[in-house]
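Here is a short, friendly tour of one protein chain. Please keep the sequence and the 3D view open while you read.

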Amino acid sequence: MRRVNWKSPSMTFLPCLFSIALFLATGCLAPVVVEAQQPASVTVFEGARLIVGDGSAPVVDAAFIVENGRFTAVGRKGQLKVPAGAARVDLTGKTVMPAIVDMHKHLAVTRDALVDQLQHLAYYGIGVAMSLGQDTGDVAFQVRAETIPNAARFRTAGRGLTGPEPGRTEAPYWVRTEAEARRDVQELAAKKVDLVKIWVDERDHTVTKLSPALYSAAIDEAHKHGLKTIAHIYTLEDAKGVLRAGIDYFAHSVRDRDIDDEFVNMMKGRPNMIVDPNLPDRGVKVDRSWLRESVTPAEFEKLQAESKDDPKAQQFFGIQSRNLARLNAAGIKIALGTDGSIPWAAHEEMADMVASGMTPAQVLTAATRNSAELLQVKDAGAVAAGKSADFLVLEANPLDD
């Protein structure tokens, strides 16, 4: 989880973030190419290097057609049948990739603040964001049903389930009995949540975590209602426990020690498993100058000052970094999630995933196709015919850096 303290209302937008254009089905942010805003109902984008999002080799000198907010054809320049009267956008020298999918956020529960956050996320290239387990009330479900201009699309797990945690947030259900666990999941099912979130964490020995009987009841009830489940865990022991109980996904990887052969084999036995490693701060001083043009000078100075060398943080990161590397090497699907509400966190998370041994291509697939698959958002995560036309236009090639 990113530790930077960020509050959306204090953010000041500047015109463009390191020459990225974000095209969403609902509009266009920070456009590099103004021709995309012509009133033609069909637009063909030509000449870019195209990263499809499915892990395949990039398409050089690509072309794709967008009509009514959808990709209708994708291929090579000169090889597509372009409708008469279509607007043309020349992207020669650029790189195109799908908009990022961040499947683990914790966002506001009031409408104005939530919309503000989703617009900030879109500014930083996020096309879909999932709020994972602390959404009280009805606002999250109302916003999920809307198409909001210049904002990331929204998904919600509603209220997650945890053991009683005095002194911490009461947004999740505090579960004490199997009957309560099943009743809470039934309520979530009635609201049609996108996932059921389960916390299994004793918070450094300060609370009583969900027992195997309680989280097993919640997982079983969720599956009865056709819902997927995702677990926040900390220890290797609990990770194995929720796997035995049938958990579908992980919202964090193991954080207390290096994973063992038994756990890797258990994970490999679950071909549909997806893990959001949610890496912590690396504990090394980094250059955040790439943020300078999108925040106020005072905010930038504060953000840069908070980046420092921290041996304890480096050790904590090392455990999770090694665990990510091992799961990735074993062929387990990895997704991208950043926790918290920081709008640019996905970029630092992706850099940390590369620092942990994933290739840039693997990270981009994690941040697009795999995250969309976890959220069951079938029209996101790839530049392909029939998908929502949510994509990024980049000045440089992220496969190189």
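How does the radius of gyration of the chain agree with that of a compact globule of 401 residues? A compact globule with 401 residues would have a radius of gyration near 21 Å, and the chain has 21 Å, so the two agree. Do keep in mind that this is a predicted model.

**The chain overall**

Measures of extent and surface come next. The C-alpha trace spans about 65 × 45 × 40 Å along its principal axes. Of the 401 residues, 56% are buried. The accessible surface of the chain comes to about 16,800 Å², and carbon and sulfur atoms account for 50% of that area. Sequence separation is also worth a look: among contacts between residues at least 6 apart in sequence, 72% join residues at least 24 apart. In secondary structure, the chain holds ten helices and 19 strands.

**A parallel sheet and its helices**

Let us turn to one sheet. It is open, has three strands in the order β9-β10-β11, and its pairing is parallel. The edges are formed by β9 (100-105) and β11 (153-156), each of which pairs on one side only. On average, neighbouring strands of this sheet are turned by 20 degrees against each other, with direction ignored. As a rule, strands of a sheet pair through backbone hydrogen bonds, in either a parallel or an antiparallel way.

Strand β10 (residues 126-131) runs parallel to β11 and is joined to that strand by four bridges. Here Met130 stands opposite Arg155 in β11.

Two helices go with these strands. Helix α1 lies across β9, β10 and β11, while helix α10 packs on the sheet and touches β9 and β10. Their residue ranges and angles are set side by side below.

| Helix | Residues | Strands | Angle |
|---|---|---|---|
| α1 | 111-123 | β9, β10 and β11 | about 140 degrees to β10 |
| α10 | 360-375 | β9 and β10 | about 50 degrees with β9 |

**A glycine in a loop**

Finally, have a look at Gly78. Where is the place of Gly78? Gly78 is in the loop between β6 (70-76) and β7 (87-90). Is Gly78 buried or exposed? With a relative accessibility of 75%, Gly78 counts as exposed, because the cut-off for exposed is over 50%. To place this glycine within the whole chain, compare it with Gly269: Gly78 and Gly269 are 191 residues apart in sequence, and their C-alpha atoms are 45 Å apart in space.

Notes: Residues are numbered from 1 along each chain as its sequence is written. This is a predicted model: local features need pLDDT of at least 70, side-chain atom pairs count only at pLDDT 80 or more; totals for chains, interfaces and linings use all residues. Side-chain values use heavy atoms; hydrogens and water are left out. Two strands pair if DSSP finds at least two bridges between them. Axes are lines fitted to C-alpha atoms, for helices over the stretch in contact, and angles run from 0 to 180 degrees between N-to-C directions. Contact means heavy atoms within 4.5 Å. The radius of gyration is taken over C-alpha atoms; the globule rule is 2.2 Å times the number of residues to the power 0.38. Buried means under 20% relative accessible area, exposed over 50%, partly exposed in between (1.4 Å probe, protein chains only). Accessible areas come from the Shrake-Rupley method with a 1.4 Å probe; for residues, only the protein chains shown count as cover.
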